[in-house]
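User: I'm new to reading protein structures and would love a close look at one part of this one. Could you walk me through it step by step?

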Amino acid sequence: MYTAKAYSAAGASSPLASSKISRRDPAERDVQIEILFCGICHSDLHSVRNEWSEFMPTAYPIVPGHEIVGRVTKVGSDVTKFKPGDLAAIGCMVDSDGTCPNCHAGLEQFCPNMILTFNSPDRHLGGVTYGGYSESIVVDEHFALSVPANLPLAGAAPLLCAGITTYSPMRHWRVGPGKKVGVVGLGGLGHMAVKFAHALGAHVVVFTTSPGKKDDACRLGADEVVVSRNIDEMKKHTSSFDFILDAVSADHDVSAYISLLGLDGNLTLVGAPPKPLPVAAFGLIMGRRSLSGSAIGGIPETQEMLDFCGEHNITADVEVIPIQKVNEAYSRLLKSDVKYRFSIDMASLKSE
Ligand code: NAP
Ligand code: ZN
């Protein structure tokens, strides 16, 4: 066991502050990674403030962060994928049972014994797992991903959650040429969804509550932009979409988007607002439309997504901040004021 610097929150209304945590020494199958960049996901904020208390209550202190890139500093004797000095990345999971049907299918995110990168039981040290707002992390090599060498690291970090969470449902629902695809909410997830849908060859329509994001949406790859508070603009798209990805973090009218789906169209929720969303039954019945959800992606698909990003030069648009600005970044996230992901430069933790 060793001590690592981190930023943690002591309670739901406490700010994140400098602290020390314990990490395990790397065992046979483990890699130890010096964290270089960690993205700020809205899930970090939901968890720090215990907004998901009904589904996954937060244990304090919490060290959030699950969009991690860094450099391997040590490997255990059985490790084959990495050597010291390699780049490596960690997303939302650090363990699973490896034996259930979902693990065998490479869908570790649906394993009943999956362990999240933070706020999950830590089988090695007791207590809970601590995430990427930290100088280092130790994980089983199965949960460490390879980062294509051509990608800038600050923008690559958000691929580990915002990237895979939007890539996976688009692959599942076969987004591609000839498909009309909507993206609701141009935040961290939404802007990655636009990049992927565009790269996959779909016709992309962005729905935003922020008129000021229109130009950016087009630059990111949108063919059309709709300000969702404008009912007339919304109506023009009635019954026309093959697929809509909803990446909104707060309460909103999901039925308004279901009515925009065509025959057999699907709306997938990846956004996880704390409160249940009402759904109009007739919106689904008419047109045999479907509503579904999706959680991150499995390890093989996460590697596939990173390789796809390497080939297509896709990374997140990031605002790089020092860790000391993390509380300010959370306030701005709540105001939809980020273009389009905060990425923490972990070198800033050295001065704490
Ligand atoms: P984010 O960067 O804060 O983006 C959320 C966007 O939603 C905002 O930029 C805004 O876009 C829109 N929005 C915010 N409040 C709204 C409101 N009241 N009404 C309508 N639109 C609103 O958040 P994120 O990191 O992308 O995460 C989005 C959600 O996905 C969060 O709930 C997060 O926990 C969840 N998530 C789920 C998974 C998964 O596996 N399913 C993984 C990661 C994150 P506009 O300004 O364009 O309107
Ligand atoms: Zn996330």
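Is His-66 buried or exposed?

Analyst: Happy to help! Keep in mind that this is a predicted model. His-66 is buried, because its relative accessibility is 7% and the cut-off for buried is under 20%.

Now let's see what His-66 does here. Its NE2 atom is one of the protein donors of the zinc ion (ligand 2). The other donors are the SG atoms of Cys-41 and Cys-161, and the three lie 2.0 to 2.2 Å from the zinc ion. Along the chain, these donors follow the spacing C-x24-H-x94-C. His-66 and Cys-161 link distant parts of the chain, being 95 residues apart. You can find His-66 in the loop between helix H1 (42-48) and strand S4 (68-75), while Cys-161 belongs to the loop between helix H3 (153-156) and H4. Cys-161 counts as buried too, with a relative accessibility of 5%.

From that loop, we can follow the chain into H4. Helix H4 covers residues 162-172 and lies across strands S13 (241-246) and S14 (261-269), running at about 160° to S13.

Those two strands take us to a sheet. It is an open one of six parallel-paired strands, in the order S12-S11-S10-S13-S14-S15. Strands S12 (224-227) and S15 (290-293) stand at the edges: each has a single partner strand, so one side of each is left without a neighbour in the sheet. From one strand to the next, the twist averages 20°.

Conventions: Residues numbered from 1 in each chain as written. Chains lettered and ligands numbered in written order. Predicted model: local features only at pLDDT ≥ 70, side-chain atom pairs only at ≥ 80, totals over all residues. Heavy atoms only, no water. Pairing = 2+ DSSP bridges. Helix = DSSP H or I, 4+ residues; strand = E, 2+ residues; numbered from the N terminus. Axes fitted to C-alpha atoms, helices over the stretch in contact; angles between N-to-C directions. Contact = heavy atoms within 4.5 Å. Donors = N, O, S within 2.8 Å, 3.2 Å for Na, K, Ca; no water. Buried < 20%, exposed > 50% of the residue type's maximum accessible area, 1.4 Å probe, protein only.
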